[in-house]
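Student: I'd like a close look at one part of this model, with its surroundings worked through rather than listed. Could you take me through it once we have it on screen?

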Amino acid sequence: MPTKFARRLSCLALLSVGLIASPAHATDAVVVNDYDVFVDPPTAFAFIKLPMGWKFIGKLDADQLRDLPPGTLTSLLPADEGAVKLAAAPKPQAAKKKS
């Protein structure tokens, strides 16, 4: 039984690395240099970019995830400027009723 679980887990890791390593639009992707570290916050999985491709290096615990060193990548998607502007826009205030 543990062999099936390990096989499924390794297939999942290879699939996620494959999806990360081959972005749909190379011009829209974040530039990643060799030996950069990527941490996926929802899963706490850590990967390192080697010259031959991405390598899974382990799962972080809660303390490690909370105290990531500067320069650690947590997203490989480009920043969506429209979404940032919408998030930063002030919210309209509700009309006050006179009593």
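Student: Before we zoom in, what is the mean pLDDT of the protein, and what percentage of its residues reach 70 or more? After that, please stay with strand 2: which of its residues are buried, and how do strand 1 and strand 3 pair with it?

Tutor: Let's do confidence before anything else, since this is a predicted model. The mean pLDDT of the protein comes out at 74, with 51% of the residues at 70 or more. Residues 82-89 fall below 50, and that stretch makes 0 contacts in the model beyond near neighbours in sequence.

Now a quick map before we zoom in. The protein has 3 helices and 3 strands, and reading from the N terminus the order is α-β-β-β-α-α. Of its 99 residues, 18% are buried. The exposed surface is about 8,400 Å², and 63% of that comes from carbon and sulfur atoms. If you take the contacts with a separation of 6 or more, 34% of them are between residues 24 or more positions apart.

On to your strand. Strand 2 spans residues 45-50, and 6 of its 6 residues are buried. Both faces are covered: Phe-45, Phe-47 and Lys-49 sit on one side, with Ala-46, Ile-48 and Leu-50 on the other. Yes, there's a lysine in that list, and we'll come back to Lys-49.

Next, the pairing. Strand 1 and strand 2 run antiparallel and are joined by 4 bridges; to get your bearings, find Val-37, which stands opposite Ile-48. These two strands make a hairpin with 4 residues between them, and in that turn Ala-44 has a positive phi of about 65°. On to strand 3, which covers residues 53-59. Strand 2 and strand 3 also pair in the antiparallel sense, this time over 6 bridges. Their hairpin connection takes 2 residues, and Leu-50 stands opposite Gly-53 there.

With the backbone in place, look at the aromatic side chains. The whole structure has 4 aromatic pairs. Take Phe-38 and Phe-47: their ring centres are 6.2 Å apart and the planes meet at 25°, so this pair counts as stacked. Both partners are buried, Phe-38 at 7% relative accessibility and Phe-47, in strand 2, at 2%. Phe-45 and Phe-56 are arranged another way: with centres 5.3 Å apart and planes at 85°, the pair is edge-to-face. Phe-45 belongs to strand 2 and Phe-56 to strand 3, so the contact ties together parts that are 11 residues apart in sequence. Phe-56 is partly exposed, at 36%. Step back a little and you'll see that Phe-38, Phe-45, Phe-47, Trp-54 and Phe-56 form one aromatic cluster.

Phe-47 also gives you a bearing on a residue further along the chain. Phe-47 and Leu-73 are 26 residues apart in sequence, while their C-alpha atoms are 9.7 Å apart.

Back to Lys-49, then. Lys-49 counts as buried at 19% relative accessibility, just inside the cut-off of under 20%. The side chain has a partner too: Lys-49 and Asp-34 meet in a salt bridge, 3.5 Å from N to O. Asp-34 is in the loop between helix 1 (2-21) and strand 1 (37-40), so this salt bridge ties that loop to strand 2 across 15 residues of sequence. Asp-34 itself is partly exposed, at 37%.

That loop holds another residue to look at, Val-32. Setting aside residues up to four places away in sequence, Val-32 touches Lys-49, Trp-54, Leu-73 and Leu-76. In other words, the list takes in Lys-49 from your strand and Trp-54 from the aromatic cluster. From Val-32 to Leu-76, 44 residues along the chain, the C-alpha separation is 8.2 Å. Val-32 is partly exposed, at 22%.

For contrast, glance at the other salt bridge, since the structure holds 2. Arg-66 and Asp-63 meet at 2.3 Å, N to O. They're 3 residues apart within helix 2 (residues 62-66), or about one helical turn. Arg-66 is exposed at 58%, and Asp-63 is partly exposed at 46%. So one salt bridge sits within a helix, whereas the one at Lys-49 links your strand to a loop.

Technical notes. Residues are numbered from 1 along each chain as its sequence is written. This is a predicted model: local features need pLDDT of at least 70, side-chain atom pairs count only at pLDDT 80 or more; totals for chains, interfaces and linings use all residues. Side-chain values use heavy atoms; hydrogens and water are left out. Buried means under 20% relative accessible area, exposed over 50%, partly exposed in between (1.4 Å probe, protein chains only). Contact means heavy atoms within 4.5 Å. Accessible areas come from the Shrake-Rupley method with a 1.4 Å probe; for residues, only the protein chains shown count as cover. A salt bridge is a side-chain nitrogen of Lys or Arg within 4 Å of a carboxyl oxygen of Asp or Glu. pLDDT is the predictor's confidence in each residue, from 0 to 100. Rings of Phe, Tyr and Trp (its six-membered ring) pair if their centres lie within 6.5 Å; planes under 30 degrees apart count as stacked, over 60 as edge-to-face and the rest as tilted. Two strands pair if DSSP finds at least two bridges between them.
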